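Student: Hey, I've just opened a structure I haven't looked at before. Can you walk me through it?

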Amino acid sequence: MRERLLRAGVRDVTALCQLARAIWRSVEGERFVRALQCMDIPLVQTKRGGYGNSKVLAPAFRRPTEAYLVSRWLIEKSSARLRRDDRVAANFSLFISPIGCRSWGRSVKCTPSQDTATFLRINRALWREAWPSDAGAPVRRSLCADRHPARWLWPLGLHQRSAPAGGCACGRTQTDLFQDRQVLLDPDILDACFAEKLERDRLAKLAEGWKAVVAFTESYPNHNAIDDAGRPIKRETIELPEADQQDLDRLRALDELTDEEQERLDDLEARRIGDYTDEDRAQATAFIYVDREGALIFYDARAPREKPQGGDDTGSTVANAETIPSSLREDLRTIATLALQTALLDKPELVLDLLAMCFDPDLPAWGRPLALDPAYQNITPQKPDETRIDARLQSVEGTGRGELTIDLLTDLQAGSKKDRNARITAALTRTFTVANSDFGRALANMLQVNPRKVWNPSAENYFKRLPTGHLDGIWQDLCPMEAADRNRFAGLKKGEKAKLLEQLFHDTDYRERLGLSREENARIDAWLPPELAQGKGASA
């Protein structure tokens, strides 16, 4: 920080005050300057204007797909706070600050609501708007309109070479005053450098024995082009040694990985999935692209489709698919979709099989046979002790790294309909989102739901988080004692009260020492917080 201030010409408090005025140019900036001058500036009382959460992402969650999932979790937390304070929101804002790029943000007005699903739908639409879909160099179009930090060049291998002051091999640069980075002022030159580097990577991949290599210039693969190239080819898988397999399982279970652990995990994953044979490479086309972080991604490989039996073998030539107008190709795809959907109308059991495949925890959202994107609701409280989550509800979440193959369908059909229906039931149940509405409470009464079957109050998850007066009320309600005993409990510290209440709920020997009757024990076993008792089916 000292070096940055010196580079900016800040050598004393006077220069710092002048810089603060130049940066803020507002009343708040002037207040900051006056505070620097040791003036007594009272703090302005603030008024809540919204509910929000922010998160600095770990490296493992900085790709757009993982970052989007984190945003859903933040929305669930904010919506819960809205409902807790009995508030509604009529405006939704999303702000994204990528490392080394200009921040992106949008605000959307909506009908006043406190419903999590409403805000999740708005969030999904905004993320689709933020996701770049236009053609061209992904570096230049990744949320940066006209300037680019030079660090974007490093993953692409475009290191600076000797150049005059204020310039580099890829164009003119400008040093940022307050951040340790440089800004590229010639994005067109960067496009040319990116194309040059991508072509070198394509030729290097071609030298590995592939018949052809296609490099996409977007920051995502073109699935239509890949499907048109032919049939997918499988890698020859290998079985890892026992020690490596144990290491792989250990690394997968970690929430956060160091750079060395991530490199080790990637290496083990690559070895586990195997590689292509030389024969497959010689007849197949490989597809690569550069993701938004500047990493070269090998996406897929396709081989020519085999001729159908009884096909024409007279040597007649069929026009190259690339010469067909794009509008015609899209129409043909639409017709194929229509034909298959029409055939499925008479196969309700098969449609249920396809629905069950959509809930395979390892299939990514874009790999599902039906256009469904279930929004699984959070069922793990912040203090999860004394919470019992059914394994069937946990089984619907997976890696999202699987692949849609016909073997998935045949394996599913080989099982029982009971197993298939259980998978569908568990996945659809995890999407239930209106438990705290009037409808949800009515449904809980209909099903005779008892929250004590999945949760019990403890000191950590409930009692320590309550105001002291609430603890006194619970003790007096569940332990009808003499006034002296009640006063003794009231005189304890909050932590001691919480521990005693935990004993009351979990220690039968402690209840016996208190001399509680059978009816009083039953009341304790059935007791619920008022917020949960409202939706409980059985009487509390």
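Tutor: Sure, we'll talk about confidence, then helix packing, an aromatic pair and one residue's surroundings. Keep in mind that this is a predicted model.

Student: OK, what's the average pLDDT of the protein chain?

Tutor: The protein chain averages 75, and 76% of the residues score at least 70.

Student: Which elements have the lowest and the highest mean pLDDT?

Tutor: Strand β3, residues 148–149, has the lowest mean, at 39. The highest belongs to strand β7, residues 212–216, with 92.

Student: And where does pLDDT stay under 50?

Tutor: One such stretch is residues 133–168, where the model has 92 contacts beyond four places in sequence. Another is residues 310–322, for which there are 4 contacts of that kind. Where pLDDT is low, the predicted coordinates should not be read in detail.

Student: Fair enough. Let's do helices: at what angle do α12 and α14 cross?

Tutor: Helix α12 covers residues 348–358 and helix α14 covers residues 406–414. Their axes come within 10 Å and cross at roughly 115°, so α12 and α14 are roughly perpendicular to each other.

Student: Is that crossing of α12 and α14 left-handed or right-handed?

Tutor: Right-handed. On the α12 side, the contact is made by Leu-350, Asp-353, Leu-354, Ala-356 and Met-357. From α14 come Leu-408, Leu-409, Leu-412 and Gln-413.

Student: How do the residues of that contact divide into nonpolar, polar and charged?

Tutor: For α12 with α14 there are 7 nonpolar residues, 1 polar and 1 charged.

Student: What about α12 and α15, how do they pack?

Tutor: Helix α15 is residues 417–429, and α12 packs with α15 at about 50°, with the axes 9 Å apart. That angle makes α12 oblique to α15. Here the crossing is left-handed.

Student: Which residues meet there, between α12 and α15?

Tutor: Glu-349, Leu-352, Asp-353, Leu-355, Ala-356 and Met-357 are the ones in α12. In α15 they meet Lys-417, Arg-420, Arg-423 and Ile-424. By class, the contact of α12 with α15 has 5 nonpolar and 5 charged residues, with no polar ones.

Student: Got another helix pair for me?

Tutor: Try helix α8, residues 242–253, and helix α9, residues 259–273. They pack at an angle of about 125° with their axes 10 Å apart, and α8 and α9 are therefore oblique to each other. The crossing of α8 and α9 is left-handed.

Student: Which residues of α8 and α9 meet?

Tutor: Asp-244, Asp-247, Leu-248, Arg-250, Leu-251 and Arg-252 of α8 meet a set in α9. That set is Glu-261, Arg-264, Leu-265, Leu-268, Glu-269, Arg-271 and Arg-272. The contact of α8 with α9 counts 9 charged residues, 4 nonpolar and no polar.

Student: Switching topic, how many aromatic pairs does the structure hold?

Tutor: The structure holds 13 aromatic pairs. One of them is Phe-216 with Phe-287.

Student: Why does the pair Phe-216 and Phe-287 count as stacked?

Tutor: The ring centres are 5.8 Å apart and the planes are at 10°, so Phe-216 and Phe-287 are stacked. Phe-216 sits in strand β7 and Phe-287 in strand β9, residues 285–290. The two are 71 residues apart, and the pair links distant parts of the chain.

Student: Last one: where does Asn-521 lie, and what does Asn-521 touch?

Tutor: Asn-521 lies in helix α21, residues 518–526. Leaving aside residues up to four places away in sequence, Asn-521 touches Arg-511 and Leu-516. The C-alpha atoms of Asn-521 and Thr-508 are separated by 9.0 Å, with their positions 13 residues apart along the chain.

Definitions and conventions:
Residues numbered from 1 in each chain as written. Predicted model: local features only at pLDDT ≥ 70, side-chain atom pairs only at ≥ 80, totals over all residues. Heavy atoms only, no water. Axes fitted to C-alpha atoms, helices over the stretch in contact; angles between N-to-C directions. Helix = DSSP H or I, 4+ residues; strand = E, 2+ residues; numbered from the N terminus. Parallel < 35°, antiparallel > 145°, perpendicular 65-115°, else oblique. Left-handed = near helix turned anticlockwise from the far one by under 90°. Contact = heavy atoms within 4.5 Å. Nonpolar A, V, L, I, M, F, W, Y, C, P; charged D, E, K, R; others polar. pLDDT = per-residue confidence, 0-100. Phe/Tyr/Trp six-rings, centres within 6.5 Å; stacked < 30°, edge-to-face > 60°.
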